[in-house]
Amino acid sequence: MANQGDLSSAITTFLETKIEKKCILGKLLDDLADPDLKAMKTLLSSNVSHAKVADLLNSNNIVIGETAIWKHRTNRCPCIRPS
């Protein structure tokens, strides 16, 4: 059995861990400057389908698939997992 406080210490460390790995969409967001970043966040939080978002980005020379967008929007990508 772990010592008292070990689990809370491990949880605190886990939550404070900086996320180093990013998905393709997370990397794109890191590279965008306002107003593009604000517009992209608005688009991603909208009800526009993942396919339509991918089509829009691809038509603007950002190569990305709808699965990558789905994973990012649903927190199933590396952006939300500590490395």
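The exercises below, each with a worked solution, concern a predicted model.

**Exercise 1. Find how helices α2 and α3 pack, and which residues meet there.**

Step 1. Two packed helices are described by the angle between their axes and by the distance between those axes.

Step 2. Helix α2 covers residues 24-31 and helix α3 covers residues 36-44. The angle between them is about 145°, and their axes are 9 Å apart.

Step 3. The crossing of α2 and α3 is left-handed.

Step 4. From α2 come Leu 25, Leu 28 and Leu 29, which meet Leu 37, Met 40 and Leu 44 of α3. Sorted by class, this contact has 6 nonpolar residues, with no polar and no charged ones.

**Exercise 2. Identify the residues of the largest nonpolar core that touch the most other members, and the helix that gives the most to this core.**

Step 1. In soluble globular proteins, nonpolar side chains tend to be buried together.

Step 2. The largest nonpolar core has 15 residues. Those touching the most other members are Leu 25, Met 40, Leu 44, Val 53, Leu 57 and Ile 69.

Step 3. At least two residues of this core come from each of α2, α3 and α4 (50-59). The most come from α3, which gives 4 residues.

Step 4. Take Met 40 as a case: leaving aside neighbours within four places in sequence, Met 40 is in contact with Leu 28, Leu 29, Leu 32 and Leu 57.

**Exercise 3. Place His 72, decide whether His 72 is buried or exposed, and list its contacts.**

Step 1. His 72 belongs to helix α5, residues 66-73.

Step 2. The relative accessible area of His 72 is 17%. Buried means under 20%, so His 72 is buried.

Step 3. Not counting residues up to four places away in sequence, His 72 touches Cys 23, Leu 25, Gly 26, Leu 29, Leu 44, Cys 77 and Cys 79.

**Exercise 4. Explain why Cys 77 and Cys 23 are not bonded through their sulfurs.**

Step 1. A disulfide is a covalent bond between the sulfur atoms of two cysteines. The cut-off used here is a pair of cysteine sulfur atoms within 2.5 Å.

Step 2. The cysteine sulfur closest to that of Cys 77 is in Cys 23, 3.7 Å away, which is too far for a bond.

Step 3. For Cys 23, the nearest cysteine sulfur is that of Cys 79, at 3.6 Å, and Cys 23 is in no disulfide.

Step 4. A search of the whole structure finds 0 disulfides.

Step 5. Cys 23 counts as buried, at 10% relative accessibility. Cys 77 is also buried, with a relative accessible area of 2%.

Terms used. Residues are numbered from 1 along each chain as its sequence is written. This is a predicted model: local features need pLDDT of at least 70, side-chain atom pairs count only at pLDDT 80 or more; totals for chains, interfaces and linings use all residues. Side-chain values use heavy atoms; hydrogens and water are left out. Buried means under 20% relative accessible area, exposed over 50%, partly exposed in between (1.4 Å probe, protein chains only). Contact means heavy atoms within 4.5 Å. Axes are lines fitted to C-alpha atoms, for helices over the stretch in contact, and angles run from 0 to 180 degrees between N-to-C directions. A crossing is left-handed if the near helix is turned anticlockwise from the far one by less than a right angle, and right-handed if clockwise. Ala, Val, Leu, Ile, Met, Phe, Trp, Tyr, Cys and Pro count as nonpolar, Asp, Glu, Lys and Arg as charged, and the others, Gly among them, as polar. A nonpolar core is a set of buried Ala, Val, Leu, Ile, Met, Phe, Trp, Tyr and Cys residues joined through side-chain atoms within 4.5 Å.
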